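The following exercises are to be worked with the sequence and the coordinates at hand. Please attempt each task before reading its solution.

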Amino acid sequence: MITNVHSGISRRHFLVSGTLAAAVPLLDPHHLFAEVDGLVATARKEGAESKITLQPLRGEVSVLMGSGGNIAVLTGRDGKLLVDAGYAGSRIQIGDALAAIDSNPIKHLINTHWHFDHTDGNEWLHSAGATIFAHENTRKHLSTSTRVKAWDFTFPPSPPGAIPAEVFTAERTLDLNRTQIALKRFAPAHTDGDISVHFANADILHVGDTFWNGYYPFIDYSTGGSIEGMIRATETTLAKVTEKTVIIPGHGPVADKSRLRSYCDLLVTVRDKVASLKKQGQSLDEVLASKPTASYDSKWGGGFMSPTMFTRLIFEGV
Ligand SMILES: [Zn+2]
């Protein structure tokens with residue numbers, strides 16, 4: 001049985017403070033973070049104040065929510081394996097949540113992609129004992145200065161301890177805690193280094209930021225993402241999972257196949273509408289004025305990505 005712990009994370013996910021969330025619809029994405037006191041500083045501050053929710057799933061797998069992206073945890077005699085690291089500022093709360101599961105030490109960490117809200121905790125988790133695994137492009141972006149145009153922000157190289165030591169190109173399989181853990185690359189979708197992580201025994205799949213459950217997704221064109229890639233990745237996941245698979249999104253509550261199908265329908269419908277209007281010669285402002293996301297806004301438009309910001313990202317990619 002999966003408990004819905006949606007309340008409590010919707011206002012806390014990613015970088016959204018109450019003030020900023022209220023301001024989002026008014027701001028051009030290029031200026032969004034110029035309004036706040038530095039992206040990294042704000043996120044660290046948010047992370048330090050975050051309340052972490054521990055949700056047991058099945059088998060020996062749980063999910064921690066509340067600090068950046070969703071963190072999956074597998075535990076057992078080989079130690080704990082985490083999928084994504086949250087914000088560094090949440091170290092104390094994440095450490096407490098991990099200790100509440102059991103006393104097994106932290107041994108492995110997998111990054112679903114390079115973004116700060118999934119990798120900021122890499123350094124402390126490495127110092128606590130984790131070997132870090134990721135796609136080779138995730139290591140590339142963490143190793144150098146990387147600019148995200150839509151945030152108007154350049155991330156400096158991560159410290160040496162935060163850089164993944166074990167990277168792969170297409171797929172990699174780990175055998176730990178009596179289960180197989182399959183790491184598989186998506187074709188570029190949200191970034192150029194997205195991977196899924198499947199816990200075979202429990203049939204639980206973490207799909208990183210290819211799936212935002214209940215929110216319009218951010219798409220990072222600066223490091224290889226695209227709306228077409230997001231749709232392809234979602235279709236790939238739909239073809240792979242069954243009705244029984246538990247799906248952990250990058251942001252939002254734990255989901256199942258039918259929920260992922262709704263998200264896929266949303267992406268395809270909005271993409272088609274925006275592409276058709278753009279093909280007719282409409283400008284960005286005209287497309288925005290026609291509100292192509294309107295029928296979805298009440299259910300999906302309340303997060304980090306406003307309907308306007310999401311429509312701009314789609315327009316850029318069709
Ligand atoms: Zn991301």
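The exercises below concern a predicted model, and each is followed by a worked solution.

**Exercise 1. Confidence and overall make-up**

Determine what average pLDDT the chain has, and how many helices and strands the chain has.

Solution.
- Step 1. The average pLDDT over the chain is 89, and 87% of the residues score at least 70.
- Step 2. Residues 1-36 have a pLDDT below 50; beyond near neighbours in sequence, this stretch makes 67 contacts in the model.
- Step 3. Counting the secondary structure gives 12 helices and 14 strands.
- Step 4. The chain comprises 318 residues, of which 56% count as buried.
- Step 5. The exposed area of the chain is about 12800 Å², with carbon and sulfur atoms supplying 52% of it.
- Step 6. When contacts between residues at least 6 apart in sequence are considered, 67% of them join residues at least 24 apart.

**Exercise 2. The zinc site**

Identify the protein donors of the zinc ion, and explain why their arrangement is irregular.

Solution.
- Step 1. The donors are H113 through NE2, H115 through ND1, H190 through NE2 and D209 through OD, at 2.1 to 2.3 Å from the zinc ion.
- Step 2. Along the chain, these donors show the spacing H-x1-H-x74-H-x18-D.
- Step 3. H190 belongs to the loop between β11 (179-185) and β12 (195-199), whereas D209 belongs to the loop between β13 (204-206) and α8 (227-240); the two are 19 residues apart, and the pair links distant parts of the chain.
- Step 4. Both H190 and D209 are buried.
- Step 5. The angles subtended by the four donor atoms run from 85 to 170 degrees, and the arrangement is therefore irregular. A tetrahedral assignment would require all angles to lie between 85 and 135 degrees.

**Exercise 3. Strand β4 and its partners**

Establish which way the residues of β4 point, and in which sense, parallel or antiparallel, β4 pairs with β3 and with β5.

Solution.
- Step 1. Strand β4 spans residues 80-83; K80 and L82 point one way, L81 and V83 point the other way, and all are buried.
- Step 2. Strand β3 (residues 71-74) runs antiparallel to β4, and three bridges join them. Within this pairing, A72 has V83 as its bridge partner.
- Step 3. The hairpin of β3 and β4 has five residues between the strands, and G79 in this hairpin adopts a positive phi near 95 degrees.
- Step 4. Strand β5 (residues 106-110) pairs with β4 in the parallel sense, over four bridges. Here V83 stands opposite I110.
- Step 5. V83 thus appears in both pairings, as the partner of A72 and opposite I110.

**Exercise 4. Backbone angles and an exposed helix residue**

State where R178 and D203 lie, and decide whether A239 counts as buried or exposed.

Solution.
- Step 1. As a reference, most residues other than glycine have a negative phi.
- Step 2. R178 has a positive phi near 60 degrees and is not a glycine. Its place is the loop between β10 (171-176) and β11.
- Step 3. R178 is exposed because its relative accessible area is 65%, and the cut-off for exposed is over 50%.
- Step 4. D203, likewise not a glycine, has a positive phi of about 50 degrees. D203 lies in the loop between β12 and β13.
- Step 5. A239 is part of helix α8. Its relative accessibility is 70%, so A239 counts as exposed.
- Step 6. The C-alpha atoms of A239 and K257 lie 9.7 Å apart, while the two residues are 18 residues apart along the chain.

Key: Residues numbered from 1 in each chain as written. Predicted model: local features only at pLDDT ≥ 70, side-chain atom pairs only at ≥ 80, totals over all residues. Heavy atoms only, no water. pLDDT = per-residue confidence, 0-100. Contact = heavy atoms within 4.5 Å. Buried < 20%, exposed > 50% of the residue type's maximum accessible area, 1.4 Å probe, protein only. Areas by Shrake-Rupley, 256 points an atom, 1.4 Å probe, with all protein chains shown as cover. Donors = N, O, S within 2.8 Å, 3.2 Å for Na, K, Ca; no water. Tetrahedral: all angles 85-135°; square planar, octahedral: opposite > 155°, others 65-115°. Pairing = 2+ DSSP bridges.
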